[in-house]
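Work through the exercises below with the model open beside you. Try each task before reading its solution.

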Amino acid sequence: MNNDILEGDQVKDMNELEMRQPLRAVIVGAGNRSVTYASYALSHPDRLQIVAVVDPDEHRRARLSELHRVPPERCFVDLDDLLAAGDIAEVAINGTMDEFHVQTSIPLLAAGYDVLLEKPIGISKEEVMELLSAARAHSRKVMICHVLRYAPFYAEIRKRIAEGEVGDILNIQTGEHVSYHHMSAAFVRGKWSNKEACGSSMLMAKCCHDMDLITWLKSGVPPVRVTSSGGIGFFRSDKAPIGSGTRCVTDCRIEADCVYSAKKHYVEQNMWGVYVWRSIEHLGPSLTVEQKLESLRTDNPYGRCVWKCDNDAVDHQSVVIEFADGSTATHNLIGNTARPCRTIHIIGTKGEISGVMEDGFFTVRRPDPRPGHEYSEEQVQLNVSMDMHGGGDLRLIEDFISYHRGEAPSLSTTSLEDSIHGHLVGFGADLAMEQGRWIAIESLLA
């Protein structure tokens with residue numbers, strides 16, 4: 001029914017009724033991230049209901065449909081089948097791979113869905129701008145899954161900056177330390193190892209969160225230029241130790257002592273199984289040790305030697321950003337660290353904030369010129385979840401529901417426009433690294 005022909009009280013009653021009903025969502029791309037976001041519906045069925053799933057992979061469709069009791073007629077192989085089913089939901093959660101984000105989101109917007117889209121928005125600045133144009137043309141909302149905005153660590157830092165506790169920001173320093181086992185699984189052996197295969201660079205696949213955080217903390221002050229340098233310093237064939245083979249459990253003489261052993265990581269420690277065993281899921285839900293080892297011996301890409309893969313993802317990269325007010329920011333991406341963590345240090349005109357997200361606290365320091373003092377210090381303790389995004393995943397879903405319904409936005413609310421600056425910084429940084437120069441952000445908007 002068209003609200004334009006209803007009286008004011010009728011519109012109000014309809015809106016209140018809608019607010020009391022769970023938001024209906026379709027899942028497009030039933031991978032690990034979508035499963036995580038959809039889990040909100042299991043604990044809050046009064047707020048969210050998963051009513052359909054789209055994925056070409058039978059096992060992923062079955063896994064998600066079983067969890068959410070999606071009937072077989074609402075399980076679709078491709079997006080065209082979903083769209084042909086008509087108006088079955090208000091929103092879509094798009095968890096497809098990077099190179100499919102824009103090409104799947106535009107038809108959803110045209111069909112009337114608001115979209116929660118996994119990061120990155122797209123794999124090029126042209127794609128990002130195309131999606132923005134489509135969202136505007138169809139008057140739909142697109143929210144990007146920059147979940148770290150919702151982690152208590154970063155949300156509280158943003159709140160204190162907004163309240164002026166450290167004054168105007170002069171410099172931001174962030175770091176993304178990717179552990180040796182995550183680096184080798186996802187960005188050397190795995191599906192984000194090669195830009196041609198996955199569509200995204202290492203910086204955009206792993207650190208578009210950090211580019212977003214930096215530009216979000218500087219909200220209202222646009223970035224004007226960026227430069228960057230980095231490369232593959234370690235995970236390449238000329239760095240392979242003597243005795244290494246092509247596969248860890250086939251022809252490697254140093255496997256027993258190698259910290260990158262596929263057998264150690266994926267069999268003995270059961271790490272990254274959601275990625276590693278996808279090619280043999282058809283063998284059943286409880287794979288034996290021998291089935292896993294046989295897979296690593298033969299055609300499983302996760303069984304390859306980390307120094308002899310087809311990876312082009314950098315294992316270190318540094319980014320420098322300049323903003324319109326003259327302030328600066330740096331971000332360091334480092335693969336292969338012993339401890340995974342994200343670091344931040346913000347220096348303002350009245351004080352500074354520094355911390356490590358995984359520590360569960362940050363420190364606020366202010367100048368203190370009293371005799372015997374140099375600075376005062378406050379430690380801010382937070383209730384930080386040990387999940388990989390600091391507790392932000394389900395808070396993101398809660399905010400998306402509010403955003404869709406037109407409720408007052410939180411400080412973390414991510415509109416598509418809000419997210420573009422961070423992406424342009426990332427695209428510009430990769431271009432700057434390739435060309436060895438500064439890249440003007442304004443030129444990327446042209």
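**Exercise 1. How many of the 10 residues of helix 9 (residues 180-189) are buried?**

Some ground rules come first. This is a predicted model, in which local features need pLDDT of at least 70, side-chain atom pairs count only at pLDDT 80 or more, and totals for chains, interfaces and linings use all residues. Residues are numbered from 1 along each chain as its sequence is written, and side-chain values use heavy atoms, with hydrogens and water left out.

Step 1. Fix the terms. Helices (H or I, at least four residues) and strands (E, at least two) are DSSP runs, numbered from the N terminus. Buried means under 20% relative accessible area, exposed over 50%, and partly exposed in between (1.4 Å probe, protein chains only).

Step 2. Count. In helix 9, 9 of the 10 residues are buried, so the helix is largely enclosed by the rest of the structure.

Step 3. List them. The buried residues are His181, His182, Met183, Ser184, Ala185, Ala186, Phe187, Val188 and Arg189.

Step 4. Find the surroundings. The buried residues of helix 9 pack against strand 7 (169-179), helix 11, helix 12 (262-268) and strand 10 (328-337). Contact here means heavy atoms within 4.5 Å.

**Exercise 2. Place Phe187 in the nonpolar core.**

Step 1. Define the core. A nonpolar core is a set of buried Ala, Val, Leu, Ile, Met, Phe, Trp, Tyr and Cys residues joined through side-chain atoms within 4.5 Å.

Step 2. Pick out the hubs. The largest core has 96 residues; Val26, Leu82, Tyr154, Ile157 and Phe187 touch the most other members. Helix 11 (residues 202-217) gives the largest share of this core, 11 residues.

Step 3. List the distant contacts. With neighbours within four places in sequence set aside, Phe187 is in contact with Val178, His182, Trp192, Ser193, Met202, Ala205, Lys206, Asn311 and Ala313.

Step 4. Look for another core. A second, separate one holds 26 residues, including Leu23, Val35, Ile93 and Phe400.

**Exercise 3. Trace the strand pairing.**

Step 1. State the criterion. Two strands pair if DSSP finds at least two bridges between them.

Step 2. Order the open sheet. Its 6 strands run 3-2-1-4-5-6, with parallel pairing. Strand 3 (75-76) and strand 6 (142-144) stand at the edges with a single partner strand each, so one side of each has no neighbour in the sheet.

Step 3. Zoom in on one pair. Strand 1 (residues 23-28) and strand 4 (residues 91-94) run parallel and are joined by 4 bridges. Ala25 has Val91 of strand 4 as its bridge partner.

Step 4. Turn to strand 10. With strand 7 the pairing is parallel, over 8 bridges; Thr174 stands opposite His331 in strand 10. With strand 9 (residues 316-323) the pairing is antiparallel, over 7 bridges; Gln317 stands opposite Leu333 in strand 10.

Step 5. Inspect the turn. Strands 9 and 10 form a hairpin with 4 residues between them, and Gly326 in the turn has a positive phi of about 90 degrees.

**Exercise 4. Check the cysteines for disulfides.**

Step 1. Apply the cut-off. A disulfide is a pair of cysteine sulfur atoms within 2.5 Å. The search of the whole structure finds 0.

Step 2. Take Cys145. The nearest cysteine sulfur, that of Cys208, is 10 Å away. Cys145 counts as buried, at 1% relative accessibility.

Step 3. Take Cys305. The nearest cysteine sulfur belongs to Cys248 and is 6.3 Å away. Cys305 is buried too, at 6% relative accessibility.

**Exercise 5. Locate the empty space.**

Step 1. Set the method. On a 1 Å grid over the protein atoms alone, a cavity is a set of points where a 1.4 Å probe fits but cannot get out; a pocket is an open set with protein on both sides within 12 Å along at least five of seven lines; lining residues have an atom within 4 Å of a point. Grid points are joined across faces, edges and corners, and a volume is the space filled by probe spheres set on the points.

Step 2. Find the cavity. The count is 1 cavity of 30 Å³ or more. The largest cavity holds about 70 Å³ of space. Its lining has 13 residues, and Cys248, Cys252, Cys258, Cys305 and Trp307 are the closest to its centre.

Step 3. Examine the second largest pocket. Its volume is about 370 Å³. Of its 25 lining residues, Lys195, Ser201, Phe427, Asp430 and Leu431 are the closest to its centre. Helix 16 gives the largest share of this lining, 5 residues.
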